[in-house]
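Student: I am new to this structure and would like a close look at a single part. Could you walk me through one strand and what surrounds that strand?

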Amino acid sequence: GRIAIRTRFFDDAVKDALARCDDGKGPWQVVLLGAGLDTRAWRLAPPASAPKARAVFEVDVREVLDAKQALLRGEPLTLAESYAAVRSNLNVPRDARGGWADALRRAGHDPSLRTAWLLEGLLYYLEPRVVDDVLRGTARMSANGSTLVASVVNRASLRRATSGAKTSKKKKSAKSAWASHCDAPEREFAETGWETRTVAQPGDPSADYGRWRGAPPPPREAGDDETPRTFYVVCDAKARHE
């Protein structure tokens with residue numbers, strides 16, 4: 001289903017980045033924002049021809065990362081040479097004391113090296129001002145050639161999720177907490193410093209993997225805001241923002 005497709009899409013994006021290891025630009029770093037219980041650091045391995053990343057940094061609130069470390073303590077890393085749990089709340093402005101960017105720097109993230117940023121199942125849970133802060137912050141902390149992979153939903157998808165939560169008498173789903181949307185990924189990511197390389201929807205040929213059931217998503221049309229859509233977006237860093 002959708003979760004398996006999304007997982008595979010993000011896995012492939014990370015491996016594609018690490019495969020670009022022979023271009024003389026140095027090692028990679030991997031940063032998972034809103035990491036939750038993601039296990040890629042212990043599950044995913046680089047392509048056979050590529051070395052491990054320099055480091056994996058997972059950013060999330062203390063309660064989540066503490067619980068995760070208790071479960072995974074002692075498990076061998078497969079994706080990177082080192083691991084850092086960065087306990088920070090993305091709702092705190094990035095450059096504030098205790099903000100996520102400040103916490104990443106203190107944990108050893110090197111902005112002169114390329115970074116693969118993973119924002120999986122994250123952005124639509126954040127308020128628009130926080131989304132903007134996260135995207136601009138990652139762009140400013142990225143060396144040329146860095147990659148960002150994110151999942152976003154459009155306005156129609158957000159409207160369906162939140163209106164359903166208001167009218168349903170059943171237990172609220174996680175979607176009831178969605179707070180933002182993205183109707184035009186190419187433009188909206190560019191405005192924050194990222195150059196979009198791929199925009200795929202679950203069920204597209206590039207986001208199917210033999211697991212999609214049902215009709216493919218209808219083509220995107222200018223001004224179309226009636227079809228609920230999920231986008232998987234792969235971006236490259238533009239020139240460094242000073």
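**A close look at strand E1**

Tutor: Happy to! Strand E1 (residues 28-33) is largely enclosed by the rest of the structure, because 6 of its 6 residues are buried. Buried here means under 20% relative accessible area, while exposed is over 50% and partly exposed lies in between (1.4 Å probe, protein chains only). Strands (E, at least two residues) and helices (H or I, at least four) are DSSP runs, numbered from the N terminus. A word on the background: this is a predicted model, where local features need pLDDT of at least 70, side-chain atom pairs count only at pLDDT 80 or more, and totals for chains, interfaces and linings use all residues. Residues are numbered from 1 along each chain as its sequence is written, and side-chain values use heavy atoms, with hydrogens and water left out.

Now look at the two faces of E1, both of which are covered. On one side sit Trp28, Val30 and Leu32, and on the other Gln29, Val31 and Leu33, all of them buried.

Next come the neighbouring strands. Two strands pair if DSSP finds at least two bridges between them. E1 pairs with strand E4 (residues 114-119) in the parallel sense, over 5 bridges. Within that pairing, Gln29 has Thr115 of E4 as its bridge partner. E1 also runs parallel to strand E2 (residues 55-60), and 5 bridges join them. There, Leu32 stands opposite Glu58 in E2. So Gln29, which is buried on one face of E1, is bridged to Thr115 in E4, and Leu32, buried on the other face, stands opposite Glu58 in E2.
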